[in-house]
Amino acid sequence: MNDAHMPVMCDEALHALALRPGMRVLDATAGCGGHGLGILERIGNAGTLIGLDWDDEALAIARVRLQRKGWDVRLRRRSFTELKSVLAEEGIQEVDAVL
Ligand SMILES: C[S@@+](CC[C@H](N)C(=O)[O-])C[C@H]1O[C@@H](n2cnc3c(N)ncnc32)[C@H](O)[C@@H]1O
């Protein structure tokens, strides 16, 4: 995957998540961060994005793309089958939305 990857149905997915500032969101297949960017723009500095992907290359692109001062972005190279343990490691009891 490369940074030209276009996130699928991005507007529809973000609309369905009904995102608001301050929300904690889990993106279980973060990829290159296309959906992640839209999520962060909506949850803002008070929000948290936890992004999982098992593809290192994609995550490297996402890390660059989602770097913005004040954003709380936690990208982890893990399978989404491990999301419970990742959240526990992050000290997060619950999230407000999952993509
Ligand atoms: C369609 S892409 C996601 C694109 C991403 N939403 C974006 O906006 O760039 C699907 C991603 O799912 C990841 N993936 C597939 N199975 C996975 C698994 N079990 N755990 C973590 N990531 C997985 C792939 O590595 C790929 O990056």
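**View 1. Strands β1 and β2 sit side by side in this predicted model.** Here β1 (residues 24-27) and β2 (residues 48-53) pair in the parallel sense, with four bridges between them. Look for Asp-27, which stands opposite Gly-51 in β2.

**View 2. Zoom out a little and you get the whole open sheet.** Its four strands pair in parallel, in the order β3-β2-β1-β4. The edges belong to β3 (72-77) and β4 (97-98), each of which pairs on one side only. Helix α3 (residues 56-65) lies across β2 and β3, and runs at about 170 degrees to β3.

**View 3. Now for helix α2 (residues 34-43), which is largely enclosed by the rest of the structure.** Why say that? Seven of its ten residues are buried, so there's plenty of cover around this helix. Among the buried ones are Gly-34, His-35, Gly-36 and Gly-38, along with Ile-39, Leu-40 and Ile-43. The cover over them includes α1 (10-17), α3 and the strands β1, β2 and β3. Right after α2 comes Gly-44, with a positive phi near 65 degrees.

**View 4. Which residues touch the most other members of the largest nonpolar core?** They're Leu-19, Val-25, Ile-39, Ile-43 and Leu-49, out of 17 residues in this core. Helices α1, α2 and α3 are the elements giving it two or more residues. Take Val-25: leaving aside neighbours within four places in sequence, its contacts are Leu-19, Ile-39, Ile-43, Thr-48, Leu-49, Ile-50 and Ala-97.

**View 5. There's a second, separate core too.** It has six residues, including Leu-26, Ile-50, Leu-87 and Ile-92. In soluble globular proteins, nonpolar side chains tend to be buried together.

Note on methods. Residues numbered from 1 in each chain as written. Predicted model: local features only at pLDDT ≥ 70, side-chain atom pairs only at ≥ 80, totals over all residues. Heavy atoms only, no water. Pairing = 2+ DSSP bridges. Contact = heavy atoms within 4.5 Å. Axes fitted to C-alpha atoms, helices over the stretch in contact; angles between N-to-C directions. Buried < 20%, exposed > 50% of the residue type's maximum accessible area, 1.4 Å probe, protein only. Core = buried A, V, L, I, M, F, W, Y, C linked by side-chain atoms within 4.5 Å.
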